[in-house]
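Let's practise reading pockets and surfaces together. Take a look at the model below, then work through the exercises one step at a time.

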Amino acid sequence: MITIDMDSREPMFSQLVAQIKKAILDKSIGPGDALPSIRQLANDLDINAKTVAKAYDLLERDNVIEKKGYRGTFVHPNAYSNSQFDLEVWLDEQLTSLLTTLKTSGATDSEIRIAFNKVMSQQIKGK
């Protein structure tokens, strides 16, 4: 039921995330349903297991799926409502709003980039 378009500009892991969320929203799969293992899905789709693992990690972060150790990976009880939230859209909205504020205040693109990179590098070091 999942297909990956190898010619798409969208990364394979993003396609996988989107299709699993769509299946949940379409109610093709529901809370408690088992998902294929990372290895099995990678073999079925003929893609790298790390790609599937990345998609599963993002879905788990967003409480769309839950990993239960050796028992497998399952659709999260709140997957339907959690699948409706799009982090990428939210991030775009937040950044657009912040950039508008910064530019209105007179900050240049270069100043904004320098400040962003500085803050990001501090965040990485602070982990």
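**Exercise 1: The second largest pocket**

Keep in mind that this is a predicted model. Its second largest pocket has a volume of about 210 Å³. Find which residues line this pocket and how they divide by class.

*Solution.* Start with the lining: Leu-95, Leu-98, Leu-99, Leu-102, Ala-107, Ile-112, Ala-115, Phe-116 and Val-119. Next, look for the elements that give two or more residues to this lining; they are α5 and α6 (109–126). Finally, sort by class: nine residues are nonpolar, none is polar and none is charged.

**Exercise 2: A patch on the surface**

Which residues make the nonpolar surface patch of about 310 Å²? Is Leu-95 buried, partly exposed or exposed?

*Solution.* The patch is made by Leu-95, Leu-98, Leu-99 and Leu-102. Now pick Leu-95, which lies in helix α5. Its relative accessible area is 44%. Partly exposed covers the range between 20% and 50%, so Leu-95 is partly exposed. Leu-95 is also one of the residues that line the second largest pocket.

**Exercise 3: The largest pocket**

Describe the lining of the largest pocket, whose volume is about 410 Å³.

*Solution.* Begin at the centre: of the 17 lining residues, the closest to it are Ser-14, Val-17, Lys-21, Asp-86 and Glu-88. Then turn to the elements: α1 (12–25), α3 (49–61) and α5 (87–104) each give two or more residues. The largest share, five residues, comes from α1. Last, the classes: seven residues are nonpolar, three are polar and seven are charged.

Technical notes. Residues numbered from 1 in each chain as written. Predicted model: local features only at pLDDT ≥ 70, side-chain atom pairs only at ≥ 80, totals over all residues. Heavy atoms only, no water. 1 Å grid on protein atoms, 1.4 Å probe; cavity = no way out; pocket = protein on both sides within 12 Å on 5 of 7 lines; lining within 4 Å. Helix = DSSP H or I, 4+ residues; strand = E, 2+ residues; numbered from the N terminus. Nonpolar A, V, L, I, M, F, W, Y, C, P; charged D, E, K, R; others polar. Points joined across faces, edges and corners; volume = space filled by probe spheres on them. Patch = residues over 30% accessible without salt bridge, like charges linked within 9 Å, V, L, I, M, F, W, Y side chains within 5 Å. Areas by Shrake-Rupley, 256 points an atom, 1.4 Å probe, with all protein chains shown as cover. Salt bridge = Lys/Arg side-chain N within 4 Å of Asp/Glu carboxyl O. Buried < 20%, exposed > 50% of the residue type's maximum accessible area, 1.4 Å probe, protein only.
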